[in-house]
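Q: I have a new model open on my screen and would like to learn how to read it. Could we go through it feature by feature?

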Amino acid sequence: MAAAAFLGASRAAPALLLPSRGLPRRLLVSAASSSSSSGAAGGVVEFQGKVGFLGLGIMGAPMASNLIKAGCDVTVWNRTKSKCDPLLSLGAKYEPSPAGVASSCDVTFAMLADPQSAAEVACGANGAAEGLAPGKGYVDVSTVDGATSKLIGEHITSTGASFLEAPVSGSKKPAEDGLLIFLTAGDESLYKRVAPLLDVMGKSRFYLGDVGNGAAMKLVVNMVMGSMMVSFSEGLLLSEKVGLDPNTLVEVISQGAISAPMFSLKGPSMVKAAYPTAFPLKHQQKDLRLALALAESVSQPIPTVAAANELYKAAKSLGLADHDFSAVIEALKAKVENSQQ
Ligand SMILES: NC(=O)C1=CN([C@@H]2O[C@H](COP(=O)(O)OP(=O)(O)OC[C@H]3O[C@@H](n4cnc5c(N)ncnc54)[C@H](OP(=O)(O)O)[C@@H]3O)[C@@H](O)[C@H]2O)C=CC1
Ligand SMILES: O=CC(=O)O
């Protein structure tokens, strides 16, 4: 069994370098964080085993890449095979199916687009479940709804393997920098087992109990984010319409109580009508759709989110699905133009 090169207190293991964070640093990992962790704390453990990674899109590729750079023995698969190439040049192995990855690895991560693809890759023909067995673990880091996560979890555990849902908060850059926030739920011993790996890819991790809670937390966070972006777009557009410089608005907001990294990061490019994709608009709309269903399940109205969702749907119909979600401002511009005709 291959051992990832994690630093063990009782061994003379090599220091781990996380090159993408600017300053190389040693990785110490906590064995038993049950709420959140920011890296070094408590006892030092090491991860023993091979790591699989399914889904190498905007998020999956840098996450897998950080595992490889941290010394893990990583095997990858992606529907579009060419996306595996950069990882293979970093030293990853390749298997031609999710089942192949799961059967050759001890723990397999999956970072897929949506509930349908997450379920297909886990439970479909040649899916991961076909390669799983007792002693193995499956960690789904995709953003899906609780029902899909439970369905995947039941399928995985029926093979005797363990299941953890672990959607992430944080976008392309935090994924590249190993600064994601993991929202985990499910098998707690698997959570503890993969904690060293989560700490390579992220800055903190929360263990939230039963499967479904991680998905719910992620959807609540993203419904807030999606609505904030719409409100910000309305502000940018209105400031311009009344003769203000929207760049000044971005600066003013950045200094006050509603300052948010998202506004400072996206604002300047939104003013230039540029939307380089970090978080695809189609995924933000998917998250709003799933959050609306979550709210419906407990009969809670979320009218602001419902209105925001309509704007993201309009942006999709304008052909902006694969642009960054900040492109939702274009749907607002189109609405303004239509109302003035
Ligand atoms: N981007 C972001 O900022 C963040 C995204 N997320 C969530 O993470 C997940 C991935 O996001 P992201 O990496 O941005 O998305 P991408 O669209 O870049 O990647 C999606 C991945 O899913 C694969 N995929 C899609 N459909 C299928 C299918 N039917 N069968 C097999 N594989 C499939 C794609 O394969 P292929 O390459 O062949 O298309 C690709 O590997 C989503 O759930 C998203 O909501 C969470 C936090 C931040
Ligand atoms: O899901 C998106 C994110 O930025 O988090």
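Q: Leaving aside its neighbours within four places in sequence, which residues is Lys218 in contact with?
A: A good habit is to skip the sequence neighbours and see what remains. For Lys218 that leaves Thr143, Pro167, Ser169 and Leu183. Keep in mind that this is a predicted model.

Q: What does UniProt list for Lys218, and where does Lys218 lie?
A: Records and coordinates are best read side by side. An unreviewed UniProt entry lists Lys218 under "active site". In the model, Lys218 lies in helix α8, which covers residues 213-241.

Q: Does Lys218 count as buried or exposed?
A: The idea is to count C-beta neighbours, with 20 or more inside 10 Å making a residue buried. Lys218 has 29 such neighbours, so it counts as buried.

Q: Which other residues could I practise that on?
A: Try Gly267, placed in helix α10 (residues 261-271). Gly267 is buried because 21 other C-beta atoms lie within 10 Å. Then take Gln116 in helix α4: with 13 other C-beta atoms within 10 Å, Gln116 is partly exposed. Across the protein's 341 residues, 47% count as buried.

Q: How is the protein divided into domains?
A: Start with the bounds, then look at the contact. Domain 1 spans 19-208 and domain 2 spans 216-340. Taken over C-alpha atoms, their centres are separated by 29 Å. The contact between them takes 13 residues from domain 1 and 14 residues from domain 2. On the domain 1 side, the touching residues are five nonpolar, four polar and four charged.

Q: Which domains does UniProt list?
A: Here we can set a record beside the computed helix and strand content. The unreviewed entry gives "6-phosphogluconate dehydrogenase NADP-binding" for residues 50-209. Over residues 50-209 the chain is 39% helix and 24% strand. The entry also gives "3-hydroxyisobutyrate dehydrogenase-like NAD-binding" for residues 212-331. That stretch, residues 212-331, is 72% helix and 0% strand, with its end C-alpha atoms 32 Å apart. In total, the protein has 13 helices and nine strands.

Q: How many residues surround ligand 1, and which are the closest?
A: To read a ligand site, list the shell and then sort it by class. Ligand 1 is surrounded by 26 residues, the closest being Gly57, Arg79, Thr80, Ser171 and Phe279. Sorted by class, this shell has eleven nonpolar, ten polar and five charged residues. Helix α4 (residues 115-123) supplies the largest share, three residues.

Q: Where does ligand 1 lie with respect to domain 1 and domain 2?
A: You can work that out from who contributes to the shell. Both domain 1 (19-208) and domain 2 (216-340) give residues to it, so ligand 1 lies between them.

Q: What about ligand 2: which residues are around it?
A: The same approach works. Around ligand 2 are Thr143, Ser169, Gly170, Ser171, Asn222 and Phe279. By class, this shell has one nonpolar, five polar and no charged residues. Thr143 and Ser169 also came up as contacts of Lys218.

Q: How many residues does the largest nonpolar core have?
A: For a core, look at its extent and at the residues with the most contacts inside it. The largest nonpolar core has 93 residues, and those with the most contacts include Ala64, Leu67, Ala110 and Val328. At least three residues come from each of domain 1 and domain 2. Leu67 makes a nice example: beyond its neighbours within four places in sequence, it is in contact with Val51, Cys72, Val74, Leu197, Val200 and Met201.

Q: One last topic, the backbone. Which residues other than glycine are worth a look for their phi?
A: Most residues other than glycine have a negative phi. Ala273 is not a glycine, yet it has a positive phi of about 55°. Ala273 lies in the loop between α10 and α11 (281-297), and it counts as exposed because it has 10 C-beta neighbours inside 10 Å. Ser299 also has a positive phi, near 55°. Ser299 is in the loop between α11 and α12 (303-317), and with 6 C-beta neighbours inside 10 Å it counts as exposed.

Key:
Residues numbered from 1 in each chain as written. Chains lettered and ligands numbered in written order. Predicted model: local features only at pLDDT ≥ 70, side-chain atom pairs only at ≥ 80, totals over all residues. UniProt positions renumbered as here; feature names shortened; annotations may be inferred. Helix = DSSP H or I, 4+ residues; strand = E, 2+ residues; numbered from the N terminus. Domains from an automatic or database assignment. Contact = placed C-beta atoms within 7 Å. Nonpolar A, V, L, I, M, F, W, Y, C, P; charged D, E, K, R; others polar. Near = placed C-beta within 6 Å. Core = buried A, V, L, I, M, F, W, Y, C linked by C-beta atoms within 7 Å. Buried ≥ 20, exposed ≤ 12 C-beta atoms within 10 Å, placed from the backbone.
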